[in-house]
Amino acid sequence: MKLVHLSDLHFPVALPFMTLKGKMIPGYMNYTFRRMRKYPISLWDAIVRKVQSLDPEAIIISGDITNVSHHREYDEALRILKPVLGDKTFMVPGNHDRYTRVAAGKKGTDLPYYEKFFSSWMGDSIPIQNGYLRIKKIGKLTLVGWDSNMPLSVLNAYGYVGEEIVHSTLEYLEKEKLDHYILICHHPIWNPPERQESSGHKMKNREEIAELLKKRPPLAYLHGHVHTNWVKYPDPQKPYYVINSASSTRISDQRHQSGFHLMEWNGKALNVKRFSFSNEEGEFIETKTISYQEKETNGR
Ligand SMILES: [Fe+2]
Ligand SMILES: [Fe+2]
């Protein structure tokens, strides 16, 4: 079974200044302006073409498709992604997709924007008290989606997943006898030693979550949020792959190894390949995986 994992597409869209409110103004200046140069439009077509040519059984997108959660960014993201949206697509939101209280559905009675535009590709919502848990079954594999995001001040980007969500997930998998699952959540559960996050950026309670997951570990934990790729191999502390495909649509530079991953699962092992945009070829091509084995994971 072939699975493609994309993350942090951050399509920069020009927005009418008058339509920006509150933290969207500094956010727009910060992200969209800066990102216009680093996220050239040619990569958007190239990534869609490459994903289609790989013909995967699952296409997973782990959030941050927008910059400031503006309606127009959502319209544009939907238009660009249309060719890869279908039965095999599974999406979870990122912190930039829950940027404001309105976009996160915390004001008024409207649906959150992400759900409004993409609910057809977010899997089935499992009814639990006060929380987000979404599931999609593809062959013998179950994809589980969590939402680690909330609207915060412009200076913060941290995440949180309630322990009750972890309990509900494990209970559901047990009840339905689903042995093989992949967890998808925007915030990392692990970082390479040289890529640590500040407390204003990381998932606050990730070590508690990792402890609970030991009872029934996933095959892999797929995420984004930190804009450089990595693959951590299973180790005793976190006995699953941790795969970061952020930021798939960015040009690589010294600090950012951009691209996405293709995983092949044969029922036992997971084989991970990385694709990154080549300026010479004008296409995404297979390239070296940035991987961390047990001795390099710093025991965490
Ligand atoms: Fe991001
Ligand atoms: Fe993010």
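This short talk walks through one open sheet and the core around its strands.

Keep in mind that this is a predicted model: local features need pLDDT of at least 70, side-chain atom pairs count only at pLDDT 80 or more, and totals for chains, interfaces and linings use all residues. Residues are numbered from 1 along each chain as its sequence is written, while chains are lettered from A and ligands numbered from 1 in the order in which they are written.

Start with the sheet. It is open, has eight strands and mixed pairing, and its order is 4-5-6-7-8-10-9-14. Strands and helices here are DSSP runs numbered from the N terminus (E, at least two residues, for strands; H or I, at least four, for helices). Pairing requires at least two DSSP bridges between two strands. Strand 4 (124-125) and strand 14 (291-292) are the edges, each pairing on one side only.

Now the middle. Strand 6 (residues 141-145) runs parallel to strand 7 (residues 181-184), with four bridges. Leu-143 sits opposite Ile-182. Strands 7 and 8 are also parallel, over three bridges. Between them the chain passes through helix 6 (residues 206-213), a right-handed β-α-β crossover (clockwise from first strand over helix to second, with the strands pointing away from the viewer).

Which way do the strand 8 side chains point? Ala-220 and Leu-222 point one way, Tyr-221 and His-223 the other, and all are buried (20 or more other C-beta atoms within 10 Å of their own, C-beta atoms being placed from the backbone). Tyr-221 stands opposite Val-242 in strand 10.

Last, Ile-60. Its contacts (C-beta atoms within 7 Å) include Leu-143, Ile-184 and Leu-222.

How values were computed: Two residues are in contact if their C-beta atoms, placed from the backbone, lie within 7 Å. A residue is buried if 20 or more other C-beta atoms lie within 10 Å of its own, exposed if 12 or fewer, and partly exposed in between; C-beta atoms are placed from the backbone. Lists of a residue's contacts leave out its neighbours within four places in sequence.
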